[in-house]
Amino acid sequence: MPGDALADSNLEAIACPSTIHHVEGAAPPAPLSPAAGVALLVAADPTTPLFLAGAVDCPALRDWLAFLIGAPLVLAEKAVFALGTWTALQPVSRFRTGQPDCPDRSATLIVETGRLDA
């Protein structure tokens, strides 16, 4: 797939979270999936507070994120993005939920799963 088509596919996947897309272009260290790596590379930057939950909070992933994104790692309550398995992210009530007039102030959870079906 040409580079522009790959970038368009990855951005479409981020823009339409209720749809399933094949994404590629990231090679994060284990245990992070390429799809979660793409999501972080597309959506996070040095001003994006990030929380790592469970097994993804490891030195290899911290180094990868610091080098490629530079996002500050924070506690769950301060996160704009949170990454981990559904179990590791619990309780989700600790994440920001936003308000009706400012829904963009809620945390986005990137949930790792072994399989996703339509």
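Hi everyone, let's begin with the sheet. In this predicted model, three strands come together as an open sheet, in the order S1-S2-S5, and their pairing is parallel. At the edges are strand S1, residues 50–52, and S5, each of which pairs on one side only. If you ignore direction, neighbouring strands of this sheet are turned against each other by 20° on average.

Let's look at one of those pairings. S1 and strand S2, which covers residues 81–85, run parallel and are joined by three bridges. To find one pair on your screen, go to Phe51: its bridge partner in S2 is Ala82.

Now, what packs on the sheet? That is helix H2, which touches S1, S2 and S5. The direction of H2 makes about 160° with that of S5.

Next, the empty space. In general, rolling a probe the size of a water molecule over the atoms shows where such space is left. Here, the largest pocket holds about 820 Å³ of space. It is lined by 25 residues, and the closest to its centre are Ala35, Ala39, Ile110, Val111 and Leu116.

Which elements supply at least two residues each to that lining? They are helix H1 (3–15), helix H2 (34–43) and strand S5 (108–112). So we meet two familiar elements again here: H2, which packs on the sheet, and S5, one of its edge strands.

And what kinds of residues line the largest pocket? The lining divides into 16 nonpolar residues, seven polar ones and two charged ones.

That's my quick tour, thanks for listening!

Conventions:
Residues numbered from 1 in each chain as written. Predicted model: local features only at pLDDT ≥ 70, side-chain atom pairs only at ≥ 80, totals over all residues. Heavy atoms only, no water. 1 Å grid on protein atoms, 1.4 Å probe; cavity = no way out; pocket = protein on both sides within 12 Å on 5 of 7 lines; lining within 4 Å. Points joined across faces, edges and corners; volume = space filled by probe spheres on them. Helix = DSSP H or I, 4+ residues; strand = E, 2+ residues; numbered from the N terminus. Nonpolar A, V, L, I, M, F, W, Y, C, P; charged D, E, K, R; others polar. Pairing = 2+ DSSP bridges. Axes fitted to C-alpha atoms, helices over the stretch in contact; angles between N-to-C directions. Contact = heavy atoms within 4.5 Å.
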